[in-house]
Amino acid sequence: MIGDLILQGVQMAIVLLLAPLLTGVVRKVKARLLRRQGPPVLQPYLDLRRLMAKEAIVADTASWLFVAAPYVIFAATWVAAALVPTYATGLVFSWTGDLIAIAALLGLARFAQGLAGLDVGTSFGALGTSRELMFSTLAEPAMIMIAFTVALVAGSTQLSSIADFMLTYQAGLRVSLAMALLALVIVALAENARIPVDNPATHLELTMVHEAMVLEYSGRHLAMIDLAASLKLLLYASLIACIFAPIGLAGTGAGMGAMLIGFITYLGKLFGAGVLLALFETSIAKMRVFRVPNFLGIALMLGFLGTLLLFVSRSL
Amino acid sequence: MSALGLLALAVPAFLAIAVFAAFTARQAGAGTRVYGACLVIATLAAIAGLGALSAAPTTMVLPLGLPWLGTHFRLDALSAAFAVIVDIGAAAASLYAIGYGRHEAEPQRVLPFYPAFLAGMNLVLLADDAYTFLFAWELMSLASWALVMAHHTERGNARAGYIYLIMASFGTLALLMGFGVLASGAGGYGFDAMRAAHPTAWQAGIALALVLIGAGSKAGLVPVHVWLPLAHPAAPSHVSALMSGVMTKVAVYGFIRIVFELVGPPEWWWSLPILIIGGITAALGILHALMERDLKRLLAYSTIENIGIIFLTLGLALAFRANAMAAGAALALTAGLFHAFNHMLFKSVLFFGAGAVLHATGERDIEKLGGLIHRMPISSAAFLFAATAISALPPLNGFASEWLAFQAIFVSPALPQWGLKLLVPAVGTLLALAAALVAACFVRAFGILYLGRPRTPVAASAHETDRFSLGAMIVLCVLCAAAGLLPGVVIDALSPVVQALAGARMPAQSATAWLTIVPVPDAHSSYNGLLIAAFVAFVALTSALAARALGSSATRRARLWDCGYPGLGPLSQYSAASLSQPIRRVMASVVLRSRERVDMPPPGMLTAARIDKAIHDPAWDWIFTPIGLAVAFAAGKFNHFQFLTIRRYLGLVFLLLVALLMYLGLGT
C-alpha cells in the first residue's frame, strides 16, 4: 500500500517537475529553428522562481475570485495531469477519474480562468475570455468524441485500461484511431494556445487569447498560471503518448525495472513531442480568429466520424 | 400512518393553506405564516417520500371525483423519488419566500395560488387514474398560470400568461387524448387497467406521440418550448424556481409514468423521436441562453437544455429496454433521474440568486449590472457554486449525472438497429456540445452579472439579500455538493425506481472501495467525486500556502492595469452581447439566424453609431407564427357569420340538420 502511494506520488512529482522543462525545450528548439540562440532550456524554472519572489499586484476592482482562481486552475490541471499515465499504468489512484473526468477537470480550470479574465473589469481580459469560450465550445465536445472513439476501441474510458489495452497492440491500425489522433492533435494545439490557434509569445491584442485573460496577473499568481499552462502542455503530450505510442510504458503490476524503462522512454517521448511541436509551429502561420472554428470543427467532425465508424462496424 | 397517507394528506393541507391565504393575504405577516406552513408540510412530505423509496407500492381509493371511477392513489418508488424532488424544491422555495415574499407588493395575487400550485404538483405524483391525473395536472397548470400573472401590469407578462395558457390547455388536451387512446385498449381509465392491457402498435405509437406533446410541452421540449422562456421569468422568483426546477420534473414524471409503464413494452423505434428531440432541445436551449440578456430568461432557456438532456437519457433507456439490455437501460434511466434531481437543486439556487439580484437592483438585464460580487458576497458565492454544478464540472453533482449519461452512450454500440447506431453518436455529439456551451453560458452569466465593475448606479448600490433567502440557497448548495461527492448514495437510492422500470438496477455502489462509482463492472470505467474534490482542494490549499511560504507573500492593491489604459470607465468593459459575439457569429448565425447590422455614421457626423442584433427562434418562425396567422385568417373569414340576417342563420341550421340526417341515414 505504502509502495503504491509512493509510486503515485512519483507520478505527481514527475509531471510537476518536468512540465517547465517541456516548455523550455519547445522554446529552445523553436529559437534554434529560427537561427536564434534562444533562452536556456531551464529558463521556465528561473522565470517561475523570479515571479514567485515578486510581490503580487491585485487590481483594486478585483474580488476574492481573482486571487483564488490561479490556485484552482493550477490544482485542477495538476490533478488532471497526474491522472494520465506517464511511466506506468494501473497506479493506485488511476481509477479516480477517466478520460471524461480529465477533460472536465481541464474544463474546471478553463471556467476559473475565464471568470478571472472578467473579474477585474477590463476589456482585454474579457476579450480573451470571449474568444476562449468560443474555442472551448468546439474543443471540448471534440475531446469528448475522441474519448468515445478511443474508449470504444479499448472497451473502457479509464485511461489506465486504455493504455494497457494499447500496450497489447490488439487494436492494430484502425481508421477511427487515426482520426482520433488527428483530432486530438488539433484539440491539443487549441487547448494549449499554440500556433495556429493562438500565439504564446505575442501580446498583440488582435491575436491574443490566453495571454489576454491573464494580463492583470503578476507575481506568484502569474507563476501558478504559467505553471498550470506548462502542466497542460505536458498533459496533452502524455495523453497522446500513452494512447498512440504506449511503447515502453510499464503495464499494471510491472516491476521496478519496467518502470525505469517506462520513465526513460517517457522522457524520450516528451522530447520528441516538444521537437515536433516546435517544428510544426515554425512551419505554419497563425490563423485569423474566425478561421479557428473551422479548424476545430474538423477535430469535432473527425471525432464524430471516428465514433460513428465504430458504432457501425460493431455489427460487421 | 403510511407514507402514502402522509403524502396524500399533504395535498388537502396545502389546499387548506391556500384557502386560509385567500382570506388573510392582505394582513401583515401573512406571507411568513403561509410560506412557513408550506415549508413544514413540504419538508414532511419530502421525508415521507424518502422513506417510501424502497417500500412496496401502496394504493388507496377515495370516493371522490367521478362516481363510477373514484379517486385512485398509488405510491411506488417512481412516485416517491419524484415526491422527494418536488418537495425538497418546494421546501427550499418556501424557505426562500419567507424572506423574499416580504417585498411582494400585492401578496394577495401570490399567496393563495402558491400552496395550490404545490398541492397540484404533489397530487400528480400520486394519481393512479387518468381522471385524477388530469385534474391534478390542470390544478398545477392553472395555479402556476395565476402566479405567472401575479405581476400582470409589467410589460410582456400578460402576453406570457396568454401564451402559457394556450400551450398548457393544448398540452392537457394532448394528454387527455393520449389517455383516451390507452383507455380504449384497456377498457378503463384506471392506471392498473392500462398497465395490464397491451395496446396495439398503432395505439401505442399514437399515445406516445400525444404524450410527447402533452408532457413535453410542460417540460419545455423543442418545438413546444416557446411558452417556457416567457412564462417562467414572469412569475415571482421563488415561483420561477419552482416552475423551472420542479414543475418541469413533474412533466418528466408524467412522461416516464405513461411511456415506461402504461403504454406497455417498448418498441425500439419509440426512442428515435425522443432521442432526436432531446438532442435538439439540449443544443438549441443552451444556444438561446447564451444569446439572452435577461437573467431569468437565460435561466429558463438553460432549463430547456437540461430537460433535453433528461429526455435524451430517457430515449436511450427506452432503446436499451426494447432490446432487452437491462443493464444499459438501468444506467441511462439512473442518469436521467439523477440529472432531474440535480437540476432541481442547482436551478433553484440560480433562480434564488436571480431573485436576490432583482430585489437588490430592480433589474433583470445583465447588461446593466456587474460587480455585484463585492456587494452580495454570499449569494454570489452560492450562484457561482450552482453555476459550476450546472456546467457539469467536477467534483459537483452536474458532472456526476452527465458522466453517467456519457457512460450510457458508451454502452450503446451494442444496440442492434441501424437507425440507433447512426443516431446515437450524433446525439452524443449534441450532448457534448451542449455540455461545453453550458460552461460558456454560465461563465458569461456569472461574469457579466457579478464580476467586473458596476455598469449602472443601481448595480453599484446593491445590497445582500435576507437571511432566509441565503439559508435556502446554502441548503441547496450543500445538497449539490453532497450529491456530487457521493454520487453512489444517490444511485443506490434510485435503484428501486430503476429496478421497477428498467428490469434491472445499476451495480450497488456503496460496496465499491473508496465510494467510487462504477456503472458497468466489466468496462472498468470509474469516477470518484470525493477523491477528485479532496485532491483539488488539497492541492489548491497547499499550493496557496507554499507559494506564500516559498516566495513573496506581499500583495499590493493598485489600480487596474489594462495594458496601460486604466482610465477607461466601466462602459469600456465587454458587455454580455460582445462576450458571446464570437459564438453568436459561429453557431447562432446558422441555427438561430442571428443577424447584426452596424450603422456607422460617416466621418464628421456627430450621430451615434448603432448596432442592431436580431435572433429568431426557428420554432416561432416555422411553426407558431404560421399557426397564429392561419388562425387569424380563419377567424377573419368566419367573422362574416357574426353579421348574417336571421333568415340566413335559419337556412344554415336547416342545412346542418339535413346534413346530419343524411349522415345518419347513410350510416345505418
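**Chain A and one residue in its first helix, Val15(A)**

Let's start with contacts. Take the contacts in chain A with a separation of 6 or more: residues 24 or more positions apart account for 80% of them. Keep in mind that this is a predicted model.

Now the elements. Chain A has 11 helices and one strand. Where does the strand come in the pattern along the sequence? The order reads α-α-β-α-α-α-α-α-α-α-α-α, so to speak two helices, then the strand, then helices to the end.

Next, overall dimensions. A compact globule with 316 residues would have a radius of gyration near 20 Å. Chain A has 19 Å, which agrees with that. Along the principal axes, the C-alpha atoms fill a box of roughly 60 × 45 × 45 Å. As for burial, 62% of the 316 residues of chain A count as buried.

Let's zoom in on one residue. Val15(A) sits in helix α1, which covers residues 2-33 of chain A. Is Val15(A) buried or exposed? Val15(A) counts as buried, because 23 C-beta neighbours lie inside 10 Å. The cut-off for buried is 20 or more.

Which residues does Val15(A) touch, leaving aside neighbours within four places in sequence? There are contacts with Ala81(A), Ala82(A) and Thr86(A). Leu231(A) and Leu234(A) are also in contact with Val15(A).

One distance to finish. Val15(A) and Pro141(A) are 126 residues apart along the chain. Their C-alpha atoms are separated by 25 Å.

To recap: Val15(A) is a buried residue, and helix α1 is where to find Val15(A).

Notes: Residues are numbered from 1 along each chain as its sequence is written. Chains are lettered from A and ligands numbered from 1 in the order in which they are written. This is a predicted model: local features need pLDDT of at least 70, side-chain atom pairs count only at pLDDT 80 or more; totals for chains, interfaces and linings use all residues. Helices (H or I, at least four residues) and strands (E, at least two) are DSSP runs, numbered from the N terminus. The radius of gyration is taken over C-alpha atoms; the globule rule is 2.2 Å times the number of residues to the power 0.38. A residue is buried if 20 or more other C-beta atoms lie within 10 Å of its own, exposed if 12 or fewer, and partly exposed in between; C-beta atoms are placed from the backbone. Two residues are in contact if their C-beta atoms, placed from the backbone, lie within 7 Å.
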